[in-house]
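Dear colleague,

Please find below the structure that I promised to pass on to you, together with its sequence. After it I have written out what was found, so that you can follow each point on the model as you read.

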Amino acid sequence: MFTHSRTKALSSLAWSVAPYHDCEYIEAWKYPKGFSTPPGLYRLQDSKIEEWLAQEGQYAIPTHSFLDTKVEGGIRLIISEREYYRTPSFSMSKESYLRVEEHFNLPQATLHGLTNESGLCSRFLDYDEKIPGKLSRIGIIIKACQKYQIGNYGLSMSHDFATGITTGIFHGTGVMINRNDFPAWQHCPSVEIFDLISAVPHLWDHPMLLPTILLQHHVYRTEHFCTIQLGDRANHLQNQLGMSRAGRLNGLRGPYEVPAADRPIKDTKVNLHNLTGEMNTVIIEMIGFTHVSNWECDALDFLSRTMDEIAESRNLGPQTGTKEIRECIEHLDSAAKGLRGHNINQRDRVQADFNVLCTLIAQIDNRLTAKMAATSSRDSSAMKTLAFITTLFLPGTSVATVFSTGFFNWQSASPPRLLSPYFWIYWAFTIPLTLLVALS
């Protein structure tokens with residue numbers, strides 16, 4: 001069913017992306033009677049992947065005189081960096097990936113799953129040909145809902161029930177040491193997942209260990225980021241807005257402060273622009289993390305259903321670690337559901353603050369409009385006064401202007417020639433110009 005998409009992905013993805021051409025790997029071996037060797041997280045050059053897969057030379061299974069040479073379970077996980085976001089990339093060559101996929105019996109949908117952006121969970125079951133209904137191998141693909149602050153990574157794995165060995169590939173952005181993981185985290189995902197694996201050596205042969213650890217890592221990171229970092233940003237914005245004292249702001253006293261206050265208009269607009277942009281950013285982040293929490297709840301429900309199917313098919317009892325892993329899944333599911341409620345509450349709270357901010361902006365705009373209207377009213381009154389004074393002096397000014405022209409000879413010795421015979425010229429120009437101005 002996935003042959004076509006796999007072939008298309010093999011030709012479209014970027015392989016052996018510079019400047020790095022290497023991977024990392026985790027190996028953990030469990031021996032009979034509860035013995036185990038210390039797990040390791042090592043660098044693996046692309047040219048050495050084939051030797052590592054064959055467990056030859058320095059990559060052979062460790063043996064000790066006090067241990068049975070035959071392992072009863074373990075983990076072999078290769079880790080590949082995703083340097084590019086578009087197009088998705090691998091830090092190994094295409095040939096090396098094909099060897100890994102074949103040797104580890106990974107599902108054909110691996111490439112499609114690991115490059116998914118919205119998050120997915122799928123399983124692929126192989127049954128024993130001799131015993132109907134009994135699982136011989138299970139393949140699981142888990143791709144986290146893409147969110148850079150938490151981890152853009154995925155896991156494709158296969159577990160062989162006959163050997164108890166889980167093999168897989170862990171792929172994502174910033175997953176390897178000294179790569180571009182989100183700076184808030186002290187360690188990269190490969191180191192943190194290695195620590196989680198190291199803490200439970202008695203579960204190294206369990207088929208559900210790696211998927212559970214992946215979700216455990218993702219939930220813990222999401223919980224820390226949403227409740228601490230994103231929560232602090234929301235509280236800071238609420239404090240800047242100054243219109244609420246709920247929660248941690250309950251201890252504040254004194255009058256509520258308007259973010260614009262009595263600042264000049266220019267400063268007010270800059271302040272409100274920045275506050276609006278930051279608040280909108282937080283709302284969008286919270287919408288995204290609400291989707292992340294929904295995916296985590298769905299993924300944990302998927303793990304629980306898969307656990308039930310495995311336990312029923314293989315008759316796994318509490319002594320095999322199934323009880324411990326099931327309890328971990330239930331705990332993580334409760335934490336994810338609580339975090340989902342927290343994110344929805346945070347989103348609604350910041351949305352309410354955003355609505356208050358929009359109301360304040362409208363009030364400030366109304367205040368500025370009222371000020372402009374008052375200023376315009378004062379200007380109008382001044383113009384009316386000026387027009388009244390002008391009208392008051394206009395008749396006298398007009399008469400004085402006409403009498404001051406050369407059409408009147410007030411100094412004439414002959415009284416009959418007081419008015420010039422050319423006075424008609426004045427009316428010849430004045431009347432047409434007056435009509436032209438009036439009509440225009």
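Glu101 and Arg6 are both buried, and in this model, which is a predicted one, their side chains meet in a salt bridge with a distance of 2.7 Å from N to O. This pair links distant parts of the chain, since Glu101 belongs to helix H3 (residues 94-103) while Arg6 belongs to helix H1 (residues 3-12), and their positions lie 95 residues apart in the numbering.

A second pair worth finding on your screen is Lys147 with Glu285, which form a salt bridge whose closest N and O atoms are 3.6 Å apart. Lys147 sits in the loop between strand S5 (135-143) and strand S6 (153-160), whereas Glu285 sits in helix H7 (residues 265-314), so this salt bridge ties together parts that are 138 residues apart in sequence. Are these two residues buried or exposed? Lys147 has a relative accessible area of 17%, and because buried means under 20%, Lys147 counts as buried. Glu285, with a relative accessible area of 14%, is buried as well.

The next pair, Lys323 and Glu327, lies within a single helix: both residues are in helix H8 (residues 322-403), four residues apart, which is about one turn of the helix. Their side chains meet in a salt bridge at 2.5 Å, again taken from N to O. Here Lys323 has a relative accessibility of 46% and counts as partly exposed, and Glu327, at 40%, is likewise partly exposed.

How many salt bridges does a search of the whole structure find? The search gives 17, and among the residues involved are Asp22, Glu24 and Arg43, which are joined into one network by salt bridges that share partners.

Lastly, please look at the empty space inside the model. There is one cavity of 30 Å³ or more in the structure, and the largest cavity holds about 50 Å³ of space. Its lining is made up of Leu77, Leu155, Phe170, Ile193, Leu210, Ile213 and Leu214, and when these residues are sorted by type, seven are nonpolar, none is polar and none is charged. Which helix gives the most to this lining? That is helix H6 (residues 209-241), which contributes three residues.

With best wishes

Definitions and conventions: Residues numbered from 1 in each chain as written. Predicted model: local features only at pLDDT ≥ 70, side-chain atom pairs only at ≥ 80, totals over all residues. Heavy atoms only, no water. 1 Å grid on protein atoms, 1.4 Å probe; cavity = no way out; pocket = protein on both sides within 12 Å on 5 of 7 lines; lining within 4 Å. Points joined across faces, edges and corners; volume = space filled by probe spheres on them. Helix = DSSP H or I, 4+ residues; strand = E, 2+ residues; numbered from the N terminus. Nonpolar A, V, L, I, M, F, W, Y, C, P; charged D, E, K, R; others polar. Salt bridge = Lys/Arg side-chain N within 4 Å of Asp/Glu carboxyl O. Buried < 20%, exposed > 50% of the residue type's maximum accessible area, 1.4 Å probe, protein only.
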